[in-house]
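Let's take a walk through a protein model together, strand by strand and helix by helix. Keep the 3D view open and turn it as you read.

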There are 2 protein chains.
Amino acid sequence: MQALIDAVLQGDERAVARACRVIDDRAPSFRELLRGLYACTGRASVIGVTGTGGAGKSSLVDALVGRLRAEGKGVGVLAVDPSSPFTGGAILGDRVRMQRHFEDTGVFIRSIASRGAQGGLSRSAREQSFVLDAAGYDVILVETLGVGQDELEVSEWVDSTVLVCAPGMGDEVQALKSGVLEIADVFVVNKADRPGSDAIAADLEQRVSLGRAVRARPALQHGHGAFVGLAAAPDDERWEPPIVKCVAVRDEGTPELLQAIAGHRAWLASTAGQARSLARQRMASKRLLQTLLAERVAAAHAAEIDLLAERVARRELDPYEACERIHTG
Amino acid sequence: MQALIDAVLQGDERAVARACRVIDDRAPSFRELLRGLYACTGRASVIGVTGTGGAGKSSLVDALVGRLRAEGKGVGVLAVDPSSPFTGGAILGDRVRMQRHFEDTGVFIRSIASRGAQGGLSRSAREQSFVLDAAGYDVILVETLGVGQDELEVSEWVDSTVLVCAPGMGDEVQALKSGVLEIADVFVVNKADRPGSDAIAADLEQRVSLGRAVRARPALQHGHGAFVGLAAAPDDERWEPPIVKCVAVRDEGTPELLQAIAGHRAWLASTAGQARSLARQRMASKRLLQTLLAERVAAAHAAEIDLLAERVARRELDPYEACERIHTG
């Protein structure tokens with residue numbers, strides 16, 4: 001295992017792939033592996049790319065990889081696809097487009113399957129990001145499909161979350177309904193050459209300025225009677241997500257997007273940014289610890305749980321009573 | 001609490017609403033409440049309605065409620081919206097359309113917010129379905145937004161899962177990519193009056209018959225040399241999901257959909273269906289027990305976990321080592 005850890009730390013691509021498989025398979029040695037790598041993480045810029053299916057996330061990731069490679073940066077891509085609970089396999093689908101990057105040794109691409117584990121998608125992606133980080137990749141792009149619990153969780157441990165919207169995805173209200181707007185550090189309106197994209201951008205702009213107005217309110221309340229306009233209430237403590245228009249398939253807007261992400265990364269280095277970053281890491285670490293602990297306890301009581309679950313399924317016993325019968329000492 | 005339990009069992013609508021709030025708020029008494037209700041559950045038909053945003057699930061649920069009410073059935077609707085991790089509130093959005101049912105005492109409608117809890121969405125919906133079930137509602141419709149972990153979990157404990165597709169939702173391949181096709185007991189192609197709906201239906205049809213061919217294969221292998229066609233290999237053990245075309249906003253296709261759901265419910269009463277049903281209940285019960293146990297242990301070690309999470313966030317300690325330092329006895 002130490003040999004694998006050393007090879008990963010030297011950036012050996014085959015070792016990175018093997019380490020990712022060890023994590024995916026929950027091989028007995030995966031904890032030892034991660035323990036050996038964890039201290040060497042925290043250097044890469046980890047960027048989440050999320051949004052509903054069909055918004056063109058894969059194209060955008062493809063374009064970003066091309067740009068980052070042109071800058072000479074090493075890039076890791078973790079594509080998180082909700083997978084079949086039956087096959088346990090991820091479907092690559094339109095990722096075929098990224099073929100050109102598969103032969104580039106400066107790019108590491110991996111699809112992550114969920115296997116139906118609760119919260120497992122985000123966790124597996126996070127652990128594999130430790131591997132890529134320790135291996136020295138400069139930027140790690142974590143692409144998630146759809147909007148849901150997994151996406152919220154991914155946004156807790158990445159440095160910057162890019163939320164991708166696009167016209168023609170059904171009602172625009174769907175994007176608002178999703179409740180994921182708040183996790184965005186940067187908004188992308190993709191397919192910006194299509195009708196409807198201006199409306200989406202205006203919609204997002206309105207929401208961002210609504211947030212600004214809400215934040216400005218305390219200043220108004222505590223002012224000395226003078227009118228305090230929105231523009232007069234600068235708020236350096238807060239990051240205000242910029243909105244970037246892109247046509248990912250034509251690689252348009254991607255330099256501006258990278259600039260916006262770099263701006264967010266720079267903000268993360270500020271006092272307010274550092275505090276926010278540490279708070280998120282604390283929350284993500286707490287969640288991971290709880291999960292690890294839950295797994296340990298469930299494994300220690302597996303037979304007992306199976307017997308009780310059978311009785312609950314037959315409605316002989318309620319789950320709350322059943323849980324109380326498990327003695328953890 | 002016993003008064004609340006009794007009132008729920010008598011179908012008192014205000015008591016049902018209060019009981020749902022107790023669960024949502026994780027009020028101290030929620031376990032006692034659920035223990036009092038659990039033995040009286042298992043009578044309602046619980047139907048999951050899932051699919052990507054914009055497929056018209058809300059319209060479909062609205063139409064189904066209308067039809068079921070016309071049959072004199074009591075209907076509960078649990079709308080599971082991924083909510084903002086910041087506000088903790090569910091956005092009703094286009095649920096306004098269902099307004100007409102809000103005044104009908106035979107219909108109980110509730111939105112469920114996730115509050116960022118891991119797997120909490122599905123669990124809260126499940127526990128609230130216990131309340132509605134015990135209160136005597138005949139049919140409980142659980143509407144989930146999007147495709148992800150929560151949807152997979154909901155499909156574990158509902159009786160029948162209706163997967164809604166529609167044309168114009170971006171590439172059709174998105175639906176296939178989602179990996180949720182296998183959870184469908186009934187497929188709905190909604191907005192069937194729009195171009196592209198036939199292609200989706202044909203696509204689904206092909207996938208269903210692919211599954212049939214795969215199941216027929218063992219029969220071919222074990223045959224006595226004679227040709228065994230697909231049609232000659234009936235497979236009563238398996239439920240084959242029917243595909244129903246609907247135009248939900250015009251209430252077209254909904255009688256056929258209810259028939260398809262009733263067909264699935266009838267199959268669940270067969271030997272194979274009962275076995276499948278028990279297996280799912282067993283899995284769902286096991287998951288709930290594990291979650292309850294995890295909560296109990298996390299609560300018992302909360303302060304310890306907080307201290308360790310802080311050190312993990314600062315990268316002074318890796319999470320795997322940190323977890324091992326927690327002694328559960």
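In this predicted model, Cys165(B) stands opposite Val189(B) in strand β6 of chain B. This is one place where two strands meet: β5(B) and β6(B) pair in the parallel sense over 4 bridges. Another place to look is Leu163(B), whose bridge partner in β6(B) is Phe187(B).

**Following the strands of chain B**

Let's stay with β5(B), which covers residues 160-165. Is this strand buried or exposed? Of its 6 residues, 6 are buried, so β5(B) is largely enclosed by the rest of the structure. In a regular strand, side chains alternate between the two faces of the sheet. You can follow this on screen: Ser160(B), Val162(B) and Val164(B) point one way from β5(B), while Thr161(B), Leu163(B) and Cys165(B) point the other way, and all are buried.

Next comes β6(B), residues 186-189. Val186(B) and Val188(B) point one way, Phe187(B) and Val189(B) point the other way, and all are buried. β6(B) is also joined to β7(B), residues 243-245, by 3 bridges, and these two strands run parallel. Here, Val188(B) has Val244(B) in β7(B) as its bridge partner.

Now turn to β1(B), residues 45-50, which pairs with β5(B) in the parallel sense over 4 bridges. Two spots to find are Gly48(B), which stands opposite Thr161(B) in β5(B), and Ile47(B), which stands opposite Ser160(B) in β5(B). β1(B) also has a parallel partner in β4(B), residues 139-144, with 5 bridges joining the two. Within that pairing, Val49(B) has Glu143(B) as its bridge partner.

How many residues of β1(B) are buried? The count is 6 of the 6, so β1(B) is largely enclosed by the rest of the structure. Both of its faces are covered, with Ser45(B), Ile47(B) and Val49(B) buried on one side and Val46(B), Gly48(B) and Thr50(B) buried on the other.

Here are the strand pairings in one place:

| Strand pair | Sense | Bridges |
|---|---|---|
| β1(B) and β4(B) | parallel | 5 bridges |
| β1(B) and β5(B) | parallel | 4 bridges |
| β5(B) and β6(B) | parallel | 4 bridges |
| β6(B) and β7(B) | parallel | 3 bridges |

**Two helices in chain A**

Two packed helices are described by the angle between their axes and the distance between the axes. In chain A, helix α3 (residues 30-38) and helix α6 (residues 120-134) pack at an angle of about 50 degrees, with their axes 9 Å apart. That angle makes α3(A) oblique to α6(A). The crossing of α3(A) and α6(A) is left-handed.

Which residues meet here? From α3(A) come Phe30(A), Leu34(A), Leu37(A) and Tyr38(A), and they meet Arg123(A), Glu127(A), Phe130(A), Val131(A) and Ala134(A) of α6(A). The residues of this contact divide into 7 nonpolar, no polar and 2 charged.

**Two residues with positive phi**

Most residues other than glycine have a negative phi. Arg26(A) has a positive phi, near 50 degrees. You will find Arg26(A) in the loop between α2 and α3 of chain A, where it counts as partly exposed at 31% relative accessibility.

Lys191(A) also has a positive phi, near 55 degrees. Lys191(A) lies in the loop between β6 and α9 of chain A. Is Lys191(A) buried or exposed? Lys191(A) is buried, with a relative accessible area of 18%, because buried means under 20%.

Note on methods
Residues numbered from 1 in each chain as written. Chains lettered and ligands numbered in written order. Predicted model: local features only at pLDDT ≥ 70, side-chain atom pairs only at ≥ 80, totals over all residues. Heavy atoms only, no water. Axes fitted to C-alpha atoms, helices over the stretch in contact; angles between N-to-C directions. Parallel < 35°, antiparallel > 145°, perpendicular 65-115°, else oblique. Left-handed = near helix turned anticlockwise from the far one by under 90°. Contact = heavy atoms within 4.5 Å. Nonpolar A, V, L, I, M, F, W, Y, C, P; charged D, E, K, R; others polar. Buried < 20%, exposed > 50% of the residue type's maximum accessible area, 1.4 Å probe, protein only. Pairing = 2+ DSSP bridges.
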